[in-house]
Amino acid sequence: MAQGFSNRTRNVTLLLLAAGTACLRLNGGAKLEHSRDPYANLTELTVSARYPGASNWNDYVRTADPATPCDGMDYGYFACIHGGEKRQAFYDGASSCTGYSAQDLLGAFDWECAVAGAGRLVFRSKGLKPGKALADLLEQGAWKPQRLILARDGVPIAASPLMSWWTNAVVPLPDNSTSGTPETLASAGAIYTLTSSRDTAGYVLDADRIGVVIFPGAQLNFVAPALPNCTISGSGAWCILSSPNTVNFAWLEGAIHGPSDGNLRGLTARLSHSVIRGLLTSGFSYGIGAPDELNYSNLFSKITASGNTEYGLYLRGSRNTVLDVNATGNYWGVSTGDIAQWNVLQGIIAADNSIGVNLSSGSDNTLSAVTAPGNRVYNMTVQQGRTSITHALIGANATRSSALTIQNSGENTLSQVTTEAVNMISTNGNKFTGVLRIGSYGCFFILSVTPGLTSACANNGFSDATYLPVTWSPSFLPDYRLSASDSFARNLTGDGSTPNAPFVPGQACPALLSGNVVAVDRAQTPRTFLRNALEFIGDEVGNEDGLCESGETCFYAPNFGAYQGEGDPFSQGSCVFQDGTVTGVTLYAYPVNGG
């Protein structure tokens, strides 16, 4: 036995600390520390910004010209690249990525490998992992030390020094819990953090590239000041987060809460090319957005809006991307207002609201993977033109009108839809395509010539759908994932009634994923896309509209609704795609289908 230990066996755990300190922890809790960096003898990597003009968090460059910084006027969030999430490191001495892998110490990023020339590889971060946030990179007042570790066949062979990868100032969110006065955040590029729950009289965002990060487990509670503090002229409202002018390149995440009393608003700010990620809002009249506020080219991701007395998420503006929303217990769950054009929404759950999804005015929006059951008045209303909706699961309650209603609009496209009823009022030129399953309330139209369906749910006008009558019986888990035992909406998108053929990585894609099994929508420039797959949004491939078109990387959509499986879709590889009308698609599938 080593000197200083008794001759009895002890449980010993080797810990690798973030600071690079090796530590032996004994079963009694004692620690023996050794300060040597466990990666000190490995080849040293240098991690750098992939885009030198966007080295800090909230820095952006143009997608079409990465040497040029974005100025906030570019059309669409993905017209710019968030340089803060893009890091790279080169490794010399290898000519193939086979057997090589990289991961960062904090486990925050997904990484990819590419050949960068003769005998040289480059490892690039693709972005934050789905379950990670900016908070995972921060601690009170500082960036957490970070490093990249390169392995060959699972054995570490190279590592970068332990250091911060960004130089943005990280500062505490000012405490105005007792002053009753809103605080202005005006330090451009600063990341303001809150690590424990606290009251606030509200904050005004008044600088570009600003960040507000409320750490997991903490919550910002709104105590409204004496006078309305929203910076919108004439709104007469109180806001926890607002802005007097357009703020570009912001990053907002965390939980905000209101007292469910009066005209109180959560996030009501003029934002452009900003990220709203992991924001949880509750107890406001408007959780996120408002009818008197405009937002352009933002990325809303992993949003939870619950218990807001009016709107959960209100989208007014154009070219926003909205991913993974859970809106429950509001009056309106997810709603669009006027000037809502060319927005992309994917992975929307709107349940137990009065109105689930309300597409009011605007045009040319795209929705994919939508679940809207159990809303008390309407589950989904479409009152805008040239909107494309695919893979929707729309319930009903006591009346026909509470399911899917298309009213005072036209030229909409609906593909791969299951709903209890379709109501068409003063609407023409709609197209139903793919599998269309309708429940016991059937179809109804009035004041329409080519609504898309007849009263018998037969095709009308531009429609070419395959209609199937069904009895509504989905099996949901509490979070509205489909249960593994569900036989109503899960694994049936091929023909609507029999289980889909299996997806086998490395083999030919199933026939329902052929390049000839497509839908064509009624957009101004019609789009042709795979009926049973959806585009990965944000992978820098394709046009980022959520529809699976030629040349894009996509995921198999075996189910009706928002839930399309879980796990790592890239872990098992792709199937072999068969070209047709749509060509050159790379297709993956989530490994688990059913919770």
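How many helices and how many strands are there in the chain? Let's work through that and a few other exercises on this predicted model.

**Exercise 1. Count the secondary structure elements and judge how compact the chain is.**

Step 1: Go through the elements, and you end up with zero helices and 48 strands.

Step 2: Compare the radius of gyration with the globule rule. The chain comes out at 26 Å, close to the 25 Å that the rule gives for 595 residues, so the chain is as compact as a globular protein of that length.

Step 3: Add the overall dimensions. The C-alpha trace spans about 90 × 65 × 55 Å along its principal axes.

Step 4: Check burial and surface. Of the 595 residues, 53% count as buried. The accessible surface comes to about 22,900 Å², and carbon and sulfur atoms account for 51% of that.

**Exercise 2. Work out the strand order of two open sheets, and find their edge strands.**

Step 1: Take the sheet with mixed pairing. Its four strands go in the order S4-S15-S14-S9. Strand S4 (43-44) and strand S9 (100-104) are the edges, as each pairs on one side only.

Step 2: Zoom in on one edge. S4 runs parallel to strand S15 (residues 155-159), and two bridges join them. Here Glu44 sits opposite Ala159 in S15.

Step 3: Now do the antiparallel sheet, where the order of the four strands is S5-S8-S11-S10. Strand S5 (48-49) and strand S10 (109-117) each have a single partner strand, so one side of each is left without a neighbour in the sheet.

Step 4: Look at the S5 edge. Two bridges join S5 to strand S8 (residues 87-92) in the antiparallel sense, with Ala49 opposite Arg87 in S8.

**Exercise 3. Follow the pairing from S28 through S31 to S33.**

Step 1: Start with strand S28 (residues 275-282), which runs parallel to strand S31 (residues 299-306) and is joined to S31 by six bridges. Leu280 has Thr304 in S31 as its bridge partner.

Step 2: Move on from S31. Seven bridges link S31 with strand S33 (residues 321-328), again in the parallel sense. Ala305 has Ala327 in S33 as its bridge partner.

**Exercise 4. Find out which parts of the chain three of the salt bridges tie together, and how covered each partner is.**

Step 1: Get the total, which is 17 salt bridges.

Step 2: Pick Lys86 and Glu540, whose side chains meet at 2.6 Å, N to O. Lys86 is in the loop between strand S7 (80-82) and S8, while Glu540 is in the loop between strand S46 (533-535) and strand S47 (553-556), so the pair ties together parts that are 454 residues apart in sequence. Lys86 is buried at 6% relative accessible area, whereas Glu540 is partly exposed at 40%.

Step 3: Next up is Arg265 with Asp292, where the closest N and O atoms are 2.9 Å apart. Arg265 belongs to strand S26 (residues 264-268) and Asp292 to the loop between strand S29 (286-288) and strand S30 (295-296), so this pair ties together parts 27 residues apart in sequence. Arg265 is buried at 4%, and Asp292 is partly exposed at 29%.

Step 4: Finish with Arg270 and Glu293, at 3.2 Å, N to O. Arg270 is in the loop between S26 and strand S27 (271-272) and Glu293 in the loop between S29 and S30, so parts 23 residues apart in sequence are tied together. This time the acidic partner, Glu293, is buried, at 1%, while Arg270 is partly exposed at 24%.

**Exercise 5. Find where Asp153 and Asn491 lie, and check the sign of phi for each.**

Step 1: Recall the background: most residues other than glycine have a negative phi.

Step 2: Check Asp153. Its phi is near 55°, a positive value. Asp153 lies in the loop between strand S14 (148-152) and S15. With 65% relative accessible area against a cut-off of over 50%, Asp153 counts as exposed.

Step 3: Check Asn491, which has a positive phi of about 65°. Asn491 is in the loop between S43 and strand S44 (518-520), and is partly exposed at 22% relative accessibility.

Notes
Residues numbered from 1 in each chain as written. Predicted model: local features only at pLDDT ≥ 70, side-chain atom pairs only at ≥ 80, totals over all residues. Heavy atoms only, no water. Pairing = 2+ DSSP bridges. Rg over C-alpha atoms; globule rule 2.2 N^0.38 Å. Buried < 20%, exposed > 50% of the residue type's maximum accessible area, 1.4 Å probe, protein only. Areas by Shrake-Rupley, 256 points an atom, 1.4 Å probe, with all protein chains shown as cover. Salt bridge = Lys/Arg side-chain N within 4 Å of Asp/Glu carboxyl O.
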